[in-house]
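Here are some short exercises on a pocket and on aromatic contacts. Have the sequence and the coordinates open, and try each task before you read its solution.

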Amino acid sequence: MIKLRLTPYANTAWAWDTTTGLYRTADGQSEITPYGHPMLEHLGLTDGTRTLVVVRERTAGRAVARPEPRTLTAADFDAARTTAVTWPLDYVLVETAPGVPVRVTAGPCGIAPLYVAHDATTLFGSWDMADLAQHARTLSPREVARLLIYRPRYSQETVFQGIHRVTERATAHFGGHLHVQYPEPALHSGPRELADTADVLGAFVAAMDDALDARPLDAEATVFHLTGGFDSGTVATRAAERLPGQYATSTLLIAGPGRESQLRRRAQIRDAVSFAGTDLIVDATETGVLAPGCVRRSGGRISPYEEPLHHPFTRMTQLIAQHGARTVVTGLGGDEMVALSQQEYPHKPMGEISDGLTWIGARARAALEFADDAIAPPARVNSMTLLSLETTAPVLLRAGIWPVHPFTDPDMIQLGEWLPYDWRELKQLQRRRLAALGLGPDVTQSRTRESFAEVVQHALTTEARPLFDAILKDGSPLFEEGLIDPDGLRDGLRQLDSGPYREDGDAQLLEVIDLHLAAAAFL
Amino acid sequence: MDDLMPPAKRSTPAERLFTTKANRRVQTPGECHEYKKTSGSSDGAKTYDTTAT
C-alpha cells in the first residue's frame, strides 16, 4: 500500500502535497507515496522533531482521515505511536527523526507486499518489486531452492539478494545499513470441545459478517471472486444474501474434466442467492498461462512471487477494472482456516524433494539444509496464506483494485482453529454452510476434481515448451549460479515429452520458467 | 486525535460455542507453512490453487 524513498540524516520536515498525492521532505530527499484508493487513508503526525506517517486500511463507519501532518506534544506523539500498531486492519508506519535511522513497520495482515532495498544513503520501498529492480544483485540460492522444490518459507529473503521483504509486523531499520527486525511470534490455539447447543454455522455466518463489515465496501464498486470452490462460494453467497442483486462475480475457467463441473456448480451457486447480473469470466484455456505476448514472456519485470497464472489472472483483473470495480473479495485463506494438522491427519508435507526434480542444481540442493533458517516467526495469518496474498496483490493494485480476504480476519482464523475435527475434515464447515443455503450434493459433495492442473499441463507442454529449448540454448542465470542443472533439466524435459504427464514431477517445471523469466528481467 | 483510535474491539461470539479453554502456543515452521490444500478441498481430492500448481 506504499511506495517510499527515505534518506536518513537529511531533512525530516515533512509536508503533504495534495497535487501529487505524496508526502515529501523539505529538501526533497525523502518521499512517501500512499497507494491512492477509497479503501485506504493516510495521516501524518509530528512533535516538531519526530514524524510518523501512517498509511492504513480504512475502517467502516468513519470519515477519511486528513492527510496533512498535525503537530502533537511529545507525550501525545508517543501515545499515538503506541496506538498506531493496535489498528485492527492493515497498515504501514514510517518513522523519521533527525540523526537516527528511519523505520518502516508493516501491519499484521499482509494484504500488499512491502519490498525494500537500499543504496549508500537511501531506503527504497514498494509493493511492486519491479520498482526495485536496479537493486537486485544476484540470486539467493536458499530462496531459489525453496521455490524450486515448492517448499516456500515466509521470510525477509527474496530470490534477489539486495531486495528484502518486510514481513508482517516486521520493522525495517535503515541508517548506515539495513536491518529487518522480526516481531514476536503470534500465538495459535487448537480444537476445543463444542457445547451441545453450539450453533457453529451461526457463528461462521457472524464471523463472515464481521469480516465483511470491517471495511467500507462499496457494493457497486466491489466484485467477488466466485470460482465454484467452497471458500469464495461461502463468502460471496453470504454477501449476496445480505445485499441481494448488488455484487458482480468473476472467475477463471479451468480446463479438463472439471470444467463442466465448475460451470454447472457455479451456475447453481449464483442461482442460490441474488447476485448482480454481471459475471466476469476469463477462460484460462483461451488466455493461456504463458501465451506469446504475455507480460512474463515479453521481458516484463514480474516478480516470481506473483501469480503463476499471471496472464489469465491479469486479463480477468482488467475486466474487473473495466467494469468499474475498485475492490475484489476473495476466498483466499479458506483452506488454511479449516486445515487438519499432521497429528489429526498424517500426510506428506509439501516440497519433499525427490529424485523426480532432476533439474535442481547442486548449489540449490546444498542450500536446502538451511531452508528453515532466518524465516519469519508465526504470524496471525498462516504463512502460506500470506504468500498467496502476495501473489495476488500486485496484479490487482496495478489495476487500481484493493483486495479483501475475509478468511484472513482474526476471528475467522480463530474460529477455524477452535473447531473440532469433524467440522474441518474435508471442509465440512463450508460444505454445510452451502447446504444450508439449499445447494444440493452436486455442489456440496462433488466427486469431480476442479483444478488448474490441466491448464498448467497445457502451458508446459505447448506454450512453454519452446521456452525451455531457448533456455537450454541461450543459457540462464539459474545455470550460471548452479541452481538449475541443465542436464537435469534436459532429463526432466525428456520425461515431459515422453509422458504420461505427472502432476508430481512435471508440473514443478513451471517454477523453472517463472524463475528464469524473472531472473532474466531483473538481473 | 479521535481518528487515531482504533474502532471498538468486537466481541467474540464464537467463545460461547465451546466448553474447554483455548491454549495458545508457538507454532513450528512446518505448522505455519504447511500447504493446506491437500487436506481437503471442494472435491475431496488434490486441487491446486495459484500458489502451487
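The exercises below go from the largest pocket to the aromatic pairs.

This is a predicted model, in which local features need pLDDT of at least 70, side-chain atom pairs count only at pLDDT 80 or more, and totals for chains, interfaces and linings use all residues. Residues are numbered from 1 along each chain as its sequence is written, chains are lettered from A in the order in which they are written, and side-chain values use heavy atoms, with hydrogens and water left out.

**Exercise 1.** Work out where the largest pocket lies relative to domain 1 and domain 2 of chain A.

*Solution.* Start with the term: on a 1 Å grid over the protein atoms alone, a pocket is an open set of points with protein on both sides within 12 Å along at least five of seven lines, and lining residues have an atom within 4 Å of a point. The volume here is about 1,100 Å³. Next, take the lining, which has 38 residues; A:Pro88, A:Arg380, A:Pro410, A:Asp411 and B:Lys9 lie nearest the centre. By type, the lining holds 19 nonpolar, eight polar and eleven charged residues. Helix H10 of chain A gives the largest share, five residues. Finally, domain 1 (2–181) and domain 2 (200–339 + 382–447) of chain A both contribute to the lining, so the pocket lies between them.

**Exercise 2.** Classify the ring pair A:Phe204 and A:Phe407, and say which parts the pair ties together.

*Solution.* Rings of Phe, Tyr and Trp (its six-membered ring) pair if their centres lie within 6.5 Å; planes under 30 degrees apart are stacked, over 60 edge-to-face, and the rest tilted. Over all chains, the search finds seven aromatic pairs. For A:Phe204 and A:Phe407 the centres are 6.4 Å apart and the planes at 45°, so this pair is tilted. A:Phe204 lies in helix H3 and A:Phe407 in the loop between strand S21 (402–404) and H10 of chain A, so the pair ties together parts 203 residues apart in sequence. Both A:Phe204 and A:Phe407 are buried (under 20% relative accessible area, 1.4 Å probe, protein chains only).

**Exercise 3.** Do the same for A:Trp418 and B:Phe18.

*Solution.* With 5.6 Å centre to centre and 75° between the planes, A:Trp418 and B:Phe18 form an edge-to-face pair. A:Trp418 belongs to helix H10 of chain A and B:Phe18 to the segment before helix H1 (29–33) of chain B, so the pair joins two chains. A:Trp418 and B:Phe18 are both buried.

Conventions. On a 1 Å grid over the protein atoms alone, a cavity is a set of points where a 1.4 Å probe fits but cannot get out, and a pocket is an open set with protein on both sides within 12 Å along at least five of seven lines; lining residues have an atom within 4 Å of a point. Grid points are joined across faces, edges and corners, and a volume is the space filled by probe spheres set on the points. Helices (H or I, at least four residues) and strands (E, at least two) are DSSP runs, numbered from the N terminus. Ala, Val, Leu, Ile, Met, Phe, Trp, Tyr, Cys and Pro count as nonpolar, Asp, Glu, Lys and Arg as charged, and the others, Gly among them, as polar. Domain bounds come from an automatic or database domain assignment. Buried means under 20% relative accessible area, exposed over 50%, partly exposed in between (1.4 Å probe, protein chains only).
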